[in-house]
Amino acid sequence: MKKLTILSGAGISAESGIKTFRDGDGLWENHNITDVASPEGWRKDRALVLEFYNQRRRQLHEVQPNEAHQLLAELEKHFEVQIITQNIDDLHERAGSTHILHIHGELFKSCSCNNKNLIYEQKGDIRIGDKAEDGAQLRPFIVWFGEDVPLYQTAREKVRDADILVVIGTSLQVYPAAGLVHEIKDECLLVVINPNETGFGYGKRAVVMKESATKGMKLLFDKLVDLA
């Protein structure tokens, strides 16, 4: 089976009703990004950060995977599919995909604020005073700005191994994720599905589809199956 790697971003989840990570005004749900998605924000106001992610987690219970998620899961019948996602939701999993690397963390998990290897399932709210087994406050299992991306090396290896790389719903403006597209081998087919301009230096070698995630996947699905 050929190896198909998917690099997905906020655009695919937006079509399920999840607001994108960053709007043009630099705010996320009316919050400055650094206040809710950085170690500095956590040190400054833990209650604010916890409530911010509690709201995101509650919303995630209310949304469903869309057709783009479902079509990606369907491709497992034809390819060895690896999804690398910048998204912290579980919509790929719920759609049926089985090999997913969440490089920016997962909203339905928490961890000790002193040890990110102490990880817990977290479907409900995290409150001040909720502790990990080491006695430290629980925090969202999210890679914040300024933190290391522990799964990045694994993601690089998956991209290097791909026969086909489909970039969907991301303009790849956040590093180090933005650098992944440059890891593909010379013979790898690169397809970019994004309605907005992307400027991450893929050059002329990419097949660019300026479409939404769902429309792009509907147009692409049969073409990909023909390549399997």
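# Exercises on buried and exposed residues

L190 is buried, as its relative accessible area is 1%, where buried means under 20% relative accessible area, exposed over 50%, and partly exposed in between, with a 1.4 Å probe and protein chains only. The model is predicted, so that local features need pLDDT of at least 70 and side-chain atom pairs count only at pLDDT 80 or more, while totals for chains, interfaces and linings use all residues. Residues are numbered from 1 along each chain as its sequence is written, and side-chain values use heavy atoms, with hydrogens and water left out.

## Exercise 1: the whole protein

Describe the secondary structure, the extent and the surface of the protein.

Step 1. Begin with the secondary structure, which comes to eight helices and 11 strands; here helices (H or I, at least four residues) and strands (E, at least two) are DSSP runs, numbered from the N terminus.

Step 2. Compare the radius of gyration with the rule for a globule, which is 2.2 Å times the number of residues to the power 0.38, the radius itself being taken over C-alpha atoms. The protein has 18 Å, and this agrees with a compact globule because 228 residues would give a value near 17 Å. Along the principal axes, the C-alpha atoms fill a box of roughly 55 × 35 × 30 Å.

Step 3. Turn to the surface, whose accessible area is about 11,000 Å², with 47% of it belonging to carbon and sulfur atoms; such areas come from the Shrake-Rupley method with a 1.4 Å probe, and for residues only the protein chains shown count as cover. Of the 228 residues, 50% count as buried.

Step 4. Finish with the contacts, where contact means heavy atoms within 4.5 Å. Among contacts with a separation of 6 or more, 62% are made by residues 24 or more positions apart.

## Exercise 2: residues listed by UniProt

Find where H104, Y53 and R56 lie, and decide whether each is buried or exposed.

Step 1. Read the record, in which an unreviewed UniProt entry lists H104 for "active site" and Y53 and R56 for "binding site". UniProt positions are given in the numbering used here, feature names are shortened, and annotations may be inferred rather than shown by experiment.

Step 2. Place the two "binding site" residues: Y53 is found in helix α4, residues 46-60, and R56 is found in helix α4 as well. Y53 counts as buried because its relative accessibility is 1%, and R56 is buried because its relative accessible area is 10%.

Step 3. Place H104, which lies in the loop between β5 (100-102) and β6 (105-112). H104 is buried, because its relative accessible area is 14%. Once its neighbours within four places in sequence are left aside, H104 is in contact with T85, Q86, I88, F141, I142, V143, V174 and A177.

## Exercise 3: two leucines in strands

Locate L165 and L190, and list the contacts of L165.

Step 1. L190 has its place in strand β10, residues 189-193, and L165 is found in strand β9, residues 164-168.

Step 2. L165 is buried, because its relative accessible area is 0%. Leaving aside neighbours within four places in sequence, the contacts of L165 are T5, L7, V159, V181, I184, C188, L189, L190 and V191, so that L190 is one of them.

Step 3. Set sequence against space: L165 and I83 are 82 residues apart along the chain, and their C-alpha atoms are separated by 9.8 Å. For L190 and V208, the separation is 18 residues in sequence and 8.6 Å in space, C-alpha to C-alpha.

## Exercise 4: helix α8 and the segment after it

Decide whether L219 and A228 are buried or exposed, and name what each touches.

Step 1. L219 lies in helix α8, whereas A228 lies in the segment after α8 (213-227).

Step 2. L219 is partly exposed because its relative accessible area is 40%, and A228 is partly exposed because its relative accessible area is 48%.

Step 3. Not counting residues up to four places away in sequence, L219 touches M209 and E211, and its C-alpha atom is separated by 9.2 Å from that of M209, 10 residues away along the chain. A228, with its neighbours within four places left aside, is in contact with H78 and F79, while A228 and D89 are 139 residues apart in sequence and 28 Å apart in space, C-alpha to C-alpha.
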